[in-house]
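The exercises below are to be worked through with the sequence and the coordinates at hand. Each task is followed by a solution in steps.

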Amino acid sequence: MPLKLPNYKLLFLLACIITIAVNNAQAQDIYAAYRQGWLKKAEEFKPVLQETIKKPVGIVKITKDTAAFQGWKAINSGGIAQLYNSSFNKKNSGIVVDFGEHLTGYCTFTLKTLRGDMDAPLRLKLTFGEVPSELATPFDPYPGSLSRAWLQDETVTVTVLPATITIPRRVAFRYVKIEWLGASSSFDFGFADIRFNATTSVTVTPPPLAATTPAIIKDIDRVGLITLKECMQTVYEDGPKRDQRLWIGDTYLEALANVYSFKNNDLTKRCLYMLAGLANDDGILNANAFELPQPHAQKSRLFDYCFLYNVALKDYVEATGDKQTGLDLWPVAKKQLDIATKYTGEEGMMDYQKAQKEWWVFFDWKDGLDKQAPVQGITIYTLNQTYALAKLLGKQNDIAWVPALAKKLKDAAHKNLYDKASGLFVSGVNKQVSYGGQAWMVLSGVASKAEAQKALKALPSVSNAVHPGAPYMFHYYVAALIESGLKAEAKEALTNYWGGMIKKGADTFWEVYDPTDELKSPYKFFPVNSYCHAWSCTPVYFIRKYPEIFQR
């Protein structure tokens, strides 16, 4: 006999079945049909690293100097023969070898016996530093919020001489401090050689700048190119010292600079495919990814980075004409727009407070930065850029609703965030004025050209304006100056900010730079900062894209 149930139990059972079906549908991988193909294409475009043997240029002494960056300066104290022609012992422990440039790769050294028989192991410590202060600041007790192991100090024990040792860890540095930790008094030993196998995926040399380019701009471009070269490994790394991985925000800015310099567009393609292949099952991108032991994502949802993936894809298709890659990855770009629709309020304002509860909303390493204006601006910007991508791919019908939504958000932003009295855009309940807020209101088109110029010109005189905390946000500020037609101001801002790092001895551009606080660290310990960081390389993009502004 068929089972007879009361009506309310039938309804309950039906509801349970529907709930299970919905949950199963939500748990399904929406990219299942594409994911392996995307990862396979990413692997196809993996570059062969270029390897170059580098030798040290001399010995330096790290000296305290209050006028130097972070209070320490490297002073030349002789040739490398000092290391090769003498015994290495407790007396000369702490010698600092200078390779003369920032390098990424693997260090190899050869030790030799000078006297007696090696009757016990010897032990050395090598500390690699991108800047002098890393070699002068005690690492322990470690106060930082990131892993202590990011600091590049390596202990090596040797039991037989002669010996050639390659440190297995990849390091990024200019200086290496060598310390004697222990050896028997029955024998003497010394260094026969020290060399470095430097790696990068860069294969070309960009053309020189115009002869009319100011010297400081040439220096900024040179250091920007080195920064980019060092970060271009088998993916666009954020930093070769730390974090050594693929981040969307850094990739977007590296790709911009690459188009106007090294033109390794296959690396951009590889990164775009890899990020897509490692997206979450619901289609939303992860902010960063690792290559080894096999490509995998760190489960991190970063609001603004998901949006910037779309912009990076659009810029790639525009720069290369590679519409097939754009079409392959269109489902990913389209899916990221769900973020915009989810947080758009009825009146057209983004619910940024809800977004901040559910996402990492970044924009800058700046405590106290209110995110309302930046969130509103980047959402409008992404809607417009994604629609531009759709037009390149003939996919306008897929997102025909986007222009109307972008206009709704734009009108709402102008109504709610523009202060007519001051001519500035404000953010949040406290009406905060920030460089980031103005930049994103300009780049999104919320501000008219006249309003943009008025706001950006007024900013330097606003005593409580929130300044950028890192070169990452400063990039968008310079971009906003150019977008608004303030060419002289853009040149001055780039020259003063990145030129400030040059004047403080930068070999590569730093992850964090606050001219008023050289020891600033988001990680509570400045030696763990990255001093060769991808998002800081974008002067290369500005200088080479806009020669009429920067090369005269």
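**Exercise 1.** How many bridges join strand E11 (residues 288-290) to E12?

*Solution.* In this predicted model, three bridges join E11 to E12, and the two strands run antiparallel. One of the pairs can be located by residue, since the bridge partner of Asn 288 in E12 is Gln 298. Widening the view, three strands form an open sheet in the order E10-E11-E12, with antiparallel pairing. Strand E10 (246-247) and strand E12 (296-298) stand at the edges with a single partner strand each, so one side of each lacks a neighbour in the sheet.

**Exercise 2.** Determine how the axes of helix H5 (residues 215-231) and helix H16 (residues 487-503) are oriented, and which residues make the contact.

*Solution.* The axes come within 10 Å and cross at roughly 65°. Angles of 65 to 115 degrees count as roughly perpendicular, and H5 and H16 are therefore roughly perpendicular to each other; their crossing is left-handed. H5 contributes Ile 216, Ile 217, Asp 219, Ile 220 and Val 223 to the contact, while H16 contributes Leu 494, Thr 495, Trp 498, Gly 499 and Ile 502. By class, the residues of this contact divide into seven nonpolar, two polar and one charged.

**Exercise 3.** Establish how many residues of helix H13 (residues 435-443) are buried, and what they pack against.

*Solution.* Nine of the nine residues of H13 are buried, among them Tyr 435, Trp 440 and Leu 443. The buried residues pack against helices H11 (372-393), H12 (402-417), H14 (449-458) and H15 (471-483), as well as strand E14 (424-425). Just after H13, Gly 445 takes a positive phi of about 85°.

Terms used:
Residues are numbered from 1 along each chain as its sequence is written. This is a predicted model: local features need pLDDT of at least 70, side-chain atom pairs count only at pLDDT 80 or more; totals for chains, interfaces and linings use all residues. Side-chain values use heavy atoms; hydrogens and water are left out. Axes are lines fitted to C-alpha atoms, for helices over the stretch in contact, and angles run from 0 to 180 degrees between N-to-C directions. Helices (H or I, at least four residues) and strands (E, at least two) are DSSP runs, numbered from the N terminus. Angles under 35 degrees count as roughly parallel, over 145 as roughly antiparallel, 65 to 115 as roughly perpendicular and the rest as oblique. A crossing is left-handed if the near helix is turned anticlockwise from the far one by less than a right angle, and right-handed if clockwise. Contact means heavy atoms within 4.5 Å. Ala, Val, Leu, Ile, Met, Phe, Trp, Tyr, Cys and Pro count as nonpolar, Asp, Glu, Lys and Arg as charged, and the others, Gly among them, as polar. Two strands pair if DSSP finds at least two bridges between them. Buried means under 20% relative accessible area, exposed over 50%, partly exposed in between (1.4 Å probe, protein chains only).
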